[in-house]
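Got the viewer open? Let's take a walk through this one, stop by stop.

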Amino acid sequence: MTNNQVFPVLQLPTDSPNHYARPRPCNAGFAVVGHRGAMALAPENSAVSFLLAEAAGVDEIELDVRVTADGVPIVLHDPTLERLAAGGLNAGMPVAELTLAQVHEVPLASGQPVLTFAEVLELTNVTLQVEIKDPSTVPALAELLAQNPAHIGRIKFSSFLPEALFLLALHLPAVPRGFIVRAFAATRRQQEELEDVLIVTGAGTLYTGFEHLTPVHVEQLQAAGIEVHVWPLKSREDLDRALELNADGGTADDPGQAKALLKDARTRAAAQAAGAS
């Protein structure tokens with residue numbers, strides 16, 4: 001299926017213009033997103049990580065949600081606890097096959113407990129970008145948010161999985177959804193495929209790696225009502241490139257550093273503008 005006449009945003013030549021050929025716009029609305037909180041400074045997806053991200057002035061916190069065997073949404077990136085565990089009988093078992101009590105019985109090397117998503121709702125105040133790792137998580141999340149309607153307005157969903165976005169559209173149609181890709185579509189065929197996913201899932205945001213992405217792509221996506229967030233932001237060069245692209249935001253392991261780099265970039269842009277006048 002292609003929708004080129006309906007949504008021609010990705011009908012672009014495959015030879016990309018120079019990323020640095022146009023002046024840096026220094027987007028005033030650029031959002032810094034903390035990856036799993038502030039995972040460069042604290043254990044990922046932990047209470048400490050989320051609190052550090054908020055203290056750094058992060059605009060959003062990205063986190064990962066899975067569901068236990070007894071239907072409790074928990075905040076965890078991997079399908080098992082093995083990478084994070086300091087041993088434990090069930091460390092290598094899929095958390096989808098463990099109850100919440102069994103998850104909590106596995107000791108983690110960080111000493112930080114696995115949080116439930118309900119606990120994170122109470123712990124945090126900023127916008128939460130909730131990445132869905134497994135479509136089976138969606139019904140339990142929908143039920144939890146139905147019980148906590150006051151938090152719905154600060155939730156965004158994202159996923160690498162179109163099927164997860166389809167389910168989100170059915171269960172939580174009013175909550176914004178975004179599609180994640182590791183790199184932007186390199187060929188015309190891939191661009192058409194990406195276009196189709198954005199349309200049929202109703203995704204309002206594209207979260208993409210920098211590769212193959214150009215200012216023209218970003219401009220046309222934004223003109224079609226799609227926000228563009230880039231990742232990862234690891235350095236001044238990454239932040240500068242994100243601003244060259246005029247992206248709407250970016251995800252950083254150290255959001256405090258990213259906020260400082262953004263402030264510096266804006267100062268430099270203001271000085272350049274003053275010098276040119």
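Start by selecting strand E7, residues 205-209: five of its five residues are buried, where buried means under 20% relative accessible area, exposed over 50%, and partly exposed in between (1.4 Å probe, protein chains only). Helices (H or I, at least four residues) and strands (E, at least two) are DSSP runs, numbered from the N terminus. A quick note before moving on: this is a predicted model, in which local features need pLDDT of at least 70, side-chain atom pairs count only at pLDDT 80 or more, and totals for chains, interfaces and linings use all residues. Residues are numbered from 1 along each chain as its sequence is written, and side-chain values use heavy atoms, with hydrogens and water left out.

Now show the side chains of E7. Thr205, Tyr207 and Gly209 are on one side, Leu206 and Thr208 on the other, and both faces are covered.

Next, add the neighbours. Strand E6 (residues 177-181) runs parallel to E7, and the two pair over four bridges; strands count as paired if DSSP finds at least two bridges between them. Click on Phe179 and you'll find Leu206 of E7 opposite. To get from E6 to E7, follow the chain through helix H6 (residues 188-201), a right-handed β-α-β crossover. Right-handed here means that, with the strands pointing away from you, the path from the first strand over the helix to the second runs clockwise.

E7 has another partner to select: strand E8 (residues 227-231), also parallel, with five bridges. Here Thr208 stands opposite Val230. The link is helix H7 (residues 215-223), which makes a right-handed β-α-β unit with E7 and E8.

Keep following the chain out of E8. Which way round is the peptide bond from Trp231 to Pro232, cis or trans? It is cis, with omega near -5 degrees. Pro232 is in the loop between E8 and helix H8 (236-244).

Jump now to the loop between strand E1 (31-35) and helix H1 (47-55), where you can pick out Leu41. Arg36 and Asn45 are in this loop too. Arg36 has a positive phi of about 55 degrees although it is not a glycine, and Asn45 likewise has a positive phi of about 55 degrees. Buried or exposed, what is Asn45? Asn45 is buried, at a relative accessible area of 5%, and Arg36 is buried as well, at 11%. Leu41, on the other hand, is exposed at 53%.

Switch on the surface and select Leu41, Val48 and Leu52: together they make a nonpolar patch of about 240 Å². Areas come from the Shrake-Rupley method with a 1.4 Å probe, and for residues only the protein chains shown count as cover.

One more stop: Thr68, in the loop between strand E2 (60-67) and strand E3 (73-75). Thr68 is buried, at 4% relative accessibility. Measure from its C-alpha to that of Thr99 and you get 5.4 Å, though the two are 31 residues apart in sequence. Beyond neighbours within four places, the contacts of Thr68 (heavy atoms within 4.5 Å) include Ile74, Val95, Leu98 and Val103.

Finally, zoom out. The protein chain has nine helices and nine strands, and 50% of its 277 residues count as buried. Its accessible surface comes to about 12200 Å², with 55% belonging to carbon and sulfur atoms.

Key:
Patches are made of residues with over 30% relative accessible area and no salt bridge: like charges are joined within 9 Å, nonpolar side chains (Val, Leu, Ile, Met, Phe, Trp, Tyr) within 5 Å. A salt bridge is a side-chain nitrogen of Lys or Arg within 4 Å of a carboxyl oxygen of Asp or Glu.
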